[in-house]
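Grab a pencil and work through a few exercises on a protein structure. Try each task before you read its solution.

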Amino acid sequence: MEYSVEVVELSRRSMEFRVGDIIYINGEVAFARDRVHKHLSLEREILQELVGLPIYHCGPIAVFDGVKYVFLAAGPTTSIRMDQFIEDIVSRYRTPAIIGKGGLGILGKNALKKYKSIYCDFPGGASAYATKRVKRVEKVLFKEFGLSEALWIVSVREFGPLLVTHDAKGGDFRHNLHLSKSALERVLFEQGL
Amino acid sequence: MNKYESILTNAITKMATELPPDVYSALEKACEEETKEVANNLLKTIIQSIKISSKEKLPICQDTGLISVYISGKYVKDYLLIKEGLERAISKLTESGVLRPTIVSPIKREPVIGNVGMSEPEVYLDFEGENSIKLMMRGAGAENYSTLKMLLPSTNPHEISKIILEQVLEADGRICPPSIVGVAIGGSPISAILSSRTALFSKIGERSKVNEVAEWELKLLRAINSLNIGSMGLGGVYTVLDVKIRLLGTHIAMLPLAITFGCWALRRIQIKKVGNIDEIVW
């Protein structure tokens with residue numbers, strides 16, 4: 001299925017989405033990566049700006065044009081590095097979706113199931129494509145971490161294609177998708193290796 | 001202005017915003033031939049993104065990585081000038097947004113301003129090579145799965161192939177497949193890692209001159225592409241675009257194996273002397 005969804009609707013509709021679905025989202029999204037995740041998990045006071053927003057794992061290339069920040073590149077970063085922080089953040093911030101690349105580990109997947117949230121893959125490296133779906137940068141927080149590691153609150157329009165790879169029921173698009181290590185001897189034999 | 005600053009600025013800009021033609025063609029071919037719908041759609045989006053990047057001079061990927069530079073032949077005598085020009089070019093391009101402020105100190109994780117400092121960028125010298133300055137951007141997605149294993153000298157080619165496949169499985173979609181794999185067998189820990197990386201300068205489809213090695217490359221390529229890792233690890237027939245193998249003389253008691261991955265956004269470029277003029281070539 002393909003959906004175009006308002007960010008504010010994501011949470012209420014989270015059980016509708018299944019692995020393999022494509023979603024385009026509209027509204028405010030938080031762009032953040034390693035340092036913000038670590039910081040938020042240590043900081044107990046709730047950051048109001050982040051409550052209810054999807055989090056996109058991204059350290060954009062941002063430049064200040066004299067009036068506002070604009071993104072020149074905004075592809076996803078590898079989500080597994082943030083896995084250990086997902087439960088803490090999703091539970092406290094009611095994060096309706098995590099977006100990134102590569103999927104989460106067992107900790108993150110369990111947290112999504114527990115709090116009925118989803119994970120979506122954005123096409124890796126499609127940086128320019130992503131910038132075209134950014135309407136404007138609303139706010140930047142934690143600039144002291146450097147612009148690549150800051151927390152960006154961003155308005156997006158039809159942001160996607162987001163492929164649902166972990167759904168709120170615990171479904172995992174990647175489950176048993178690849179050959180496993182036990183199949184390697186056969187693969188090598190077939191190629192005469 | 002230092003004479004190398006402007007040509008390095010142009011070379012790095014081109015490297016950051018355009019994909020080498022051989023890599024682009026290989027991606028297009030992968031997109032045409034990919035039978036899995038998810039992977040096919042991913043590749044279409046990726047190709048669209050590359051087109052926007054080169055048209056609007058936007059970075060292909062926000063991870064502009066660590067820049068490594070290989071100075072060879074007659075250029076080596078200009079090392080100090082090149083290094084100075086390089087550092088200025090990188091600082092300025094970081095300011096203008098062609099490069100992301102990516103480099104930090106290792107423990108405190110504090111930004112290294114302008115991506116220059118604490119031994120970055122990394123520069124290698126080779127007096128004997130052809131006259132060229134080669135540059136490559138190394139993004140962390142791929143680099144985090146680059147590895148060095150010190151094997152027992154008795155390890156056979158079958159076992160080496162298996163270790164390479166295991167590393168590909170371990171890396172999964174995190175190295176942004178369809179990727180390019182550089183392998184070096186032998187040498188020292190340092191020369192192996194370096195050679196597995198510089199192997200990525202060789203064009204997609206270019207085979208080793210040693211027949212046996214060329215055959216091994218192709219067999220590994222087919223083996224990896226049968227793992228169904230696919231584009232971004234979401235399944236598909238194209239997990240890698242190419243495999244490069246380099247053999248290096250080594251110690252009787254050693255067998256280093258180095259593997260370096262390149263994401264699909266393999267950003268590399270070179271400056272060469274054409275007559276007396278420095279020119280940017282792919």
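Below are five tasks, each with a worked solution.

**Before you start**

This is a predicted model, where local features need pLDDT of at least 70 and side-chain atom pairs count only at pLDDT 80 or more, while totals for chains, interfaces and linings use all residues. Residues are numbered from 1 along each chain as its sequence is written, chains are lettered from A and ligands numbered from 1 in the order in which they are written, and side-chain values use heavy atoms, with hydrogens and water left out.

**Exercise 1: a salt bridge in chain B**

Task: Find the salt-bridge partner of B:Arg100 and say where the two residues sit.

Solution:
- Step 1. Start with the rule: a salt bridge is a side-chain nitrogen of Lys or Arg within 4 Å of a carboxyl oxygen of Asp or Glu. Side chains of opposite charge can pair when their charged atoms come close.
- Step 2. Apply the rule: B:Arg100 pairs with B:Asp63, and their closest N and O atoms are 3.6 Å apart.
- Step 3. Place both partners. B:Arg100 is in the loop between α4 (79-96) and β2 (122-126) of chain B, B:Asp63 is in the loop between α3 (37-56) and β1 (66-72), and the two are 37 residues apart. Helices (H or I, at least four residues) and strands (E, at least two) are DSSP runs, numbered from the N terminus.
- Step 4. Check accessibility, where buried means under 20% relative accessible area, exposed over 50%, and partly exposed in between (1.4 Å probe, protein chains only). B:Arg100 counts as buried at 4%, and B:Asp63 counts as buried at 12%.

**Exercise 2: two more pairs**

Task: Are B:Lys77 and B:Asp78 buried or exposed? Then do the pair of B:Arg197 and B:Glu143.

Solution:
- Step 1. B:Lys77 and B:Asp78 form a salt bridge with closest N and O atoms 4.0 Å apart.
- Step 2. B:Lys77 is exposed at 69%, whereas B:Asp78 is buried at 15%.
- Step 3. In the other pair, the closest N and O atoms of B:Arg197 and B:Glu143 are 3.0 Å apart. B:Arg197 lies in helix α7 (residues 189-198) of chain B and B:Glu143 in helix α5 (residues 140-143), so this pair ties together parts that are 54 residues apart in sequence.
- Step 4. B:Arg197 counts as buried at 10%, while B:Glu143 is partly exposed at 21%.

**Exercise 3: where two domains meet**

Task: Describe the contact between domain 1 and domain 2 of chain B.

Solution:
- Step 1. Get the bounds, which come from an automatic or database domain assignment: domain 1 is 1-18 + 60-139 + 266-282 and domain 2 is 140-262 in chain B.
- Step 2. Count residues in contact (heavy atoms within 4.5 Å): domain 1 of chain B gives 15 and domain 2 gives 17.
- Step 3. Now the buried area, meaning the accessible area (1.4 Å probe) that two parts lose on being put together, summed over both. For these two domains of chain B, the area is about 1,200 Å², and carbon and sulfur atoms give 58% of it.
- Step 4. On the side of domain 1 of chain B, B:Arg138, B:Leu266 and B:Arg268 lose the most area to domain 2, together 45% of what that side buries.
- Step 5. Count 2 salt bridges between these domains of chain B. B:Glu143 turns up again here, in a salt bridge with B:Arg138 (2.5 Å, N to O).

**Exercise 4: where two chains meet**

Task: How many residues does each of chain A and chain B bring to the contact?

Solution:
- Step 1. Chain A brings 44 residues and chain B brings 49.
- Step 2. The area buried between chain A and chain B is about 3,900 Å², with 63% from carbon and sulfur atoms.
- Step 3. The rule finds 2 salt bridges across the interface of chain A and chain B. B:Lys162 and A:Glu185 meet in a salt bridge (3.1 Å, N to O).

**Exercise 5: backbone oddities**

Task: Which residues does a cis peptide bond join, and which have a positive phi without being glycine?

Solution:
- Step 1. Recall the background: most residues other than glycine have a negative phi, and most peptide bonds are trans.
- Step 2. A cis peptide bond joins B:Glu120 and B:Pro121, with omega about 0°. Another joins B:Pro177 and B:Pro178, with omega about 5°.
- Step 3. B:Lys57 has a phi near 55° and is partly exposed at 47%.
- Step 4. B:Cys176 has a positive phi of about 55°. B:Cys176 lies in the loop between α6 and β5 of chain B and is buried at 8%. B:Pro178 is in the loop between α6 (157-171) and β5 (179-186) of chain B.
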